[in-house]
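Student: Can we go through the metal sites in this one? Show me the model before we start.

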Amino acid sequence: MANSFIQKELEELKKKYGTDLPGSELISCHPVSVRIRFVKTQHRQFDVCVQFSEKYPTTPIIIELKSKTIPEKLLAGLTNLSDEEAKKLLGKQQVLPVMKFLWQFLNDNPFTVCSEELSYIKKSLITDKDEIKTKQKSGVITMTINQDNYYFQLKFTVPEDYPCTQVSIEERGNNFPKHFSTVFISQAVELARRQIQPPLKKKPKDPPFEPKPSLKLVAEFLVKDCVRRYPKEPCQICKENGFPPDPKSVVTDESSDRFLERVYCAHLYHRGCLDTYMKTPPFTGGKLCPGCKQRIYHGEWNITPKLAEDRWAHKEAKRRELDEVVDFLE
Ligand SMILES: [Zn+2]
Ligand SMILES: [Zn+2]
């Protein structure tokens with residue numbers, strides 16, 4: 001009895017899977033085991049292996065999911081859900097309905113391939129003071145990160161063929177100085193791009209380039225290295241906090257000494273502090289950031305050590321001349 005039930009079910013499966021589960025591949029279809037492959041994208045794919053228990057269909061089918069690209073934890077969770085589906089169908093055909101359930105899940109969830117990244121973001125980047133919302137079907141994650149009196153709203157979209165295509169990043173509002181928020185986003189976009197595009201200069205020993213996931217990387221950069229960091233970041237010279245407690249009092253006049261500069265190494269300087277520092281010796285080897293000992297690159301003070309030396313000498317000479325005049329007058 002059980003055997004003919006299974007035979008009949010398998011016949012129907014062969015007939016129907018093409019229309020009911022478009023894009024799937026029936027790899028094996030025997031009373032011993034059924035294996036069907038779902039491929040949504042290069043990374044969103046898995047095999048479903050089904051075995052019939054001895055008392056089938058009065059007991060549920062045994063389901064196993066296999067995938068090289070979907071995280072183990074998600075596969076385990078999905079297997080549990082499929083078991084539950086099968087248990088609802090005792091006494092009836094179970095294979096096709098369970099397959100449909102899994103096929104639907106794979107189609108509807110761009111997050112399948114980044115479930116671990118997403119749970120990292122929720123656990124390690126977001127606090128009680130922040131907000132995060134996810135829209136499974138469209139692959140959209142929105143978050144508001146709050147740090148002191150500053151906030152930054154972000155929208156990430158996980159594309160269909162993630163991670164081959166990078167996550168897209170949008171700024172949806174913030175109260176950081178404009179020249180900071182713009183750089184945060186453009187650097188995040190650049191980080192994401194490097195995950196999926198091979199470097200222009202390839203070193204001979206490099207392994208073949210593989211696209212890598214970008215969601216966790218950019219979220220971590222934006223949250224930790226940008227939004228959480230700067231409201232507490234001191235000026236490297238005077239060691240005072242750069243960002244004022246009230247975001248409304250941020251200095252926007254680019255020529256002001258209190259204007260905030262973020263240099264190449266990401267350290268923070270008051271414009272006035274940086275200007276004095278860049279014009280004061282020693283100049284050999286270029287001016288180094290006191291915070292990280294990296295060379296300071298900044299469009300405006302980007303001059304050779306020789307030129308800086310000359311300028312400083314000139315300024316000193318001027319000052320001495322003035323001093324002498326003052327001395328003379330006294
Ligand atoms: Zn300063
Ligand atoms: Zn630095």
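**Two zinc sites**

Tutor: Both Cys265 and Cys289 are buried. Keep in mind that this is a predicted model.

Student: Which zinc ion do those two belong to, and what are its protein donors?

Tutor: They bind the zinc ion (ligand 2). Its protein donors are Cys265 (SG), His267 (ND1), Cys289 (SG) and Cys292 (SG), at 2.1 to 2.3 Å.

Student: How are the donor residues spaced in sequence?

Tutor: The pattern for the zinc ion (ligand 2) is C-x1-H-x21-C-x2-C. Cys265 and Cys289 link distant parts of the chain, 24 residues apart. Cys265 sits in the loop between β9 and β10, and Cys289 in the loop between α7 (271-278) and α8 (305-329).

Student: What geometry does the site of ligand 2 have?

Tutor: Tetrahedral, with angles of 99 to 114 degrees among the 4 donor atoms.

Student: Switching to ligand 1. What coordinates that zinc ion?

Tutor: Cys235 (SG), Cys238 (SG), His270 (ND1) and Cys273 (SG) coordinate the zinc ion (ligand 1), at 2.1 to 2.4 Å. Along the chain the spacing reads C-x2-C-x31-H-x2-C. Cys235 and His270 are 35 residues apart and link distant parts of the chain. Cys235 lies in the loop between α6 (215-227) and β9 (260-262), whereas His270 is in strand β10 (residues 268-270).

Student: Why is the arrangement around ligand 1 called tetrahedral?

Tutor: Because the 4 donor atoms subtend angles of 97 to 117 degrees. The cut-off asks that all angles lie between 85 and 135 degrees.

Student: And Cys235 and His270, buried or exposed?

Tutor: Cys235 is buried, because its relative accessibility is 0%. His270 counts as buried too, at 1%. The cut-off for buried is under 20%.

Terms used
Residues are numbered from 1 along each chain as its sequence is written. Chains are lettered from A and ligands numbered from 1 in the order in which they are written. This is a predicted model: local features need pLDDT of at least 70, side-chain atom pairs count only at pLDDT 80 or more; totals for chains, interfaces and linings use all residues. Side-chain values use heavy atoms; hydrogens and water are left out. Donors are N, O and S atoms within 2.8 Å of the metal (3.2 Å for Na, K and Ca); water is not among the atoms, so sites may look incomplete. Four donors count as tetrahedral if all angles lie between 85 and 135 degrees; four count as square planar and six as octahedral if opposite donors are over 155 degrees apart and all others between 65 and 115; anything else is irregular. Helices (H or I, at least four residues) and strands (E, at least two) are DSSP runs, numbered from the N terminus. Buried means under 20% relative accessible area, exposed over 50%, partly exposed in between (1.4 Å probe, protein chains only).
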